[in-house]
Amino acid sequence: MFNIRGMRGLLTSSIGVTCAAALTLPPAVLNVPSAVAAPAERTTTTTLRGSTQSLPLTPRTRERVLGQAPEQGAYSADVRPFSLVGVVWDNPGTALDGRVQVRTRSTATGQWSGWQDVETHNADHGADPGTAEAASGRVHGATAPLWVGDSNGVDVRVRAGERDGDGVDADADDASGPAGGPPVVGRDLLPAGLRLELVDPGDDTPPYDEPADGPRTNTEDDASAAVNADLTDVDTTEIPALSREDTERELSELNDTDALLARPYIGPRPKIVTRRGWGADESLRERGFVYTGKIKAAFVHHTASGNGYKCSQAPSVIRSIYRYHVVSMGWRDIGYNFLVDKCGTIYEGRAGGVAKAVRGAHTLGFNNNSMGIAVIGTYGSHKPSAAAVTAVAKLTAWKLGLFGANPKGKTYLKSGGGNLYPKGKNVRLNVISGHRDGYATECPGAKLYAKLGSARTSSAHLQGR
């Protein structure tokens, strides 16, 4: 049913700044445990709200062969259950030039998985240089996260200078890194402070319920929900879809003037699962919200977290990525503005209001005046589902329509600095772009990138163009 609750000024209130408040190893090396310290608990949390364990990586016990890169690793058959892994290191300005592989033991079967590659190049995401989020002093270098499912044992190996599955050349001598990107430390070196992060997403029960160890304040939960109060009930777990007619009527209420006359094209609002719906622990993120001026473009991403999840597990995957971004990597919130699972369900990402211009940390150099949409999975050689591509079209038709943007059009964004465009350069981009259009990266994967033309056409059609 159409739900509109005093939407006047919704868009204009979003303008501003922070609001108040296998190169395969020899068989003898594959299963060599590393001597590691006991897993360190990075945060103290209840099982309900999830947790993060941190294991330092140490040199593997192996005979060094002339010309081979050094290797670090960690092994433990005695860790608390986790479902997502990633490797982090001290300096976010240093790139890991090498290969990261992990295998895990299933809690259900007790069997070890085969070795899986972890995407090492993740610096193409993040807050723009010079912003408060980037300069907080809490940010770490990190790989992409990998969803492994319920596990209670882990073995990881990190080798410098190999090919890691996304184009890193094992024999490259250039350690300077791409122009404008983070420098690498050399083919025979690894970044300092390497550690393995094991993330437990917690139970599916929303964390705003009373935890087992006693009451807590719901201030941040309420604040996160309140920014969507003009769209739906504050305590809802999803923002319902609207018909085209009701969406147009809603748009006409966004400002004191008749917004529909100025923005005649908008797609029907799709259903969006709220942060409350996927169980965000609002106490993890920084207080308040950060907004940009408007939404002129949408960057499409993949999470590079693997495709081995069920759609029913998507909320757990998102909680894990959220915790990894904030607790392990040091970001203020999850980086993406929206996420889409392979069944086409749309989820609210970074807090601040789904209809507002929330500044994310998704496309390094182009987070201003844009939004980031991440399709959960890895789409280099794996085709995205038709449902996911359709969801991207529906979401962009609505959200870009709120700001008068044509999904099939072009726009200009000013670079905040990156490895493709220097800071300050005005860059002409598709209104619906892939991550690689703003930064030299494989994201959103070749197979998903190939579907963006179809998404643009469908999105424009939904807007009535």
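Here is a short walk through this predicted model, one selection at a time.

**The whole chain**

Start with everything shown as a cartoon. You're looking at 465 residues, and 56% of them are buried. The fold is drawn with nine helices and 19 strands. Switch on a surface if you like: the accessible area comes to about 18,200 Å², with 51% of that belonging to carbon and sulfur atoms.

**Strand 9 and its partners**

Now select residues 146–160, which make up strand 9. How many of its 15 residues are buried? The count is 13, so call this strand mostly covered.

Keep strand 9 selected and add its partners one by one. Begin with strand 4, residues 71–76, which pairs with strand 9 in the antiparallel sense over six bridges. To see one of these positions, pick A74 and look across to V156, its bridge partner in strand 9.

Next, add strand 5, residues 82–89. Strand 5 also runs antiparallel to strand 9, and three bridges join the two. Click on L84 here, and you'll find W147 as its bridge partner in strand 9.

Then bring in strand 6, residues 98–106. How many bridges join strand 6 to strand 9? Nine of them do, and once again the two strands run antiparallel. For a place to zoom in, choose R105, which stands opposite G153 in strand 9.

**The disulfide**

Clear the selection and pick C311 and C343. These two cysteines form a disulfide, with their sulfur atoms 2.0 Å apart. A search of the whole structure turns up one disulfide, so you can stop looking after this pair.

Which parts of the chain does the pair tie together? C311 sits in the loop between strand 13 (297–302) and helix 6 (314–328), while C343 sits in the loop between strand 14 (338–340) and strand 15 (346–348). The link therefore ties together parts that are 32 residues apart in sequence.

Zoom in on the bond itself. The torsion about the S-S bond is about 90°, which means the disulfide is right-handed. Is C343 buried or partly exposed? With a relative accessible area of 48%, C343 is partly exposed. For another cysteine to look at, go to C443, which counts as buried at 4% relative accessibility.

**Helix 7**

Select residues 386–402 next. This is helix 7, and its 17 residues reach 25 Å from the first C-alpha to the last, close to the 24 Å expected at 1.5 Å a residue. Helix 7 is mostly covered, with 13 of the 17 residues buried. While you turn it around, remember that an α-helix has 3.6 residues a turn, so residues three or four places apart point the same way. Following helix 7 you'll meet G404, whose phi is positive, near 75°.

**R465**

G404 leads to the last stop, as it is one of the residues that R465 touches. Select R465, in the segment after helix 9 (452–462). What else does R465 touch, leaving out residues up to four places away in sequence? Show Y265, A405, N406, P407 and A460 along with G404.

Try the distance tool on R465 and P407: they are 58 residues apart in sequence, yet 9.4 Å apart in space from C-alpha to C-alpha. Now display side chains and look for Q463, whose side chain makes a polar contact with that of R465 at 2.6 Å. Even with these neighbours, R465 is partly exposed, at a relative accessible area of 38%.

Definitions and conventions. Residues are numbered from 1 along each chain as its sequence is written. This is a predicted model: local features need pLDDT of at least 70, side-chain atom pairs count only at pLDDT 80 or more; totals for chains, interfaces and linings use all residues. Side-chain values use heavy atoms; hydrogens and water are left out. Buried means under 20% relative accessible area, exposed over 50%, partly exposed in between (1.4 Å probe, protein chains only). Helices (H or I, at least four residues) and strands (E, at least two) are DSSP runs, numbered from the N terminus. Two strands pair if DSSP finds at least two bridges between them. Contact means heavy atoms within 4.5 Å. A polar contact is a pair of N or O atoms within 3.5 Å; within protein, one must be able to donate a hydrogen and the other to accept it, and residues adjacent in sequence count only if both atoms are side-chain atoms. Accessible areas come from the Shrake-Rupley method with a 1.4 Å probe; for residues, only the protein chains shown count as cover. The expected span of a helix is 1.5 Å times one less than its number of residues. A disulfide is a pair of cysteine sulfur atoms within 2.5 Å.
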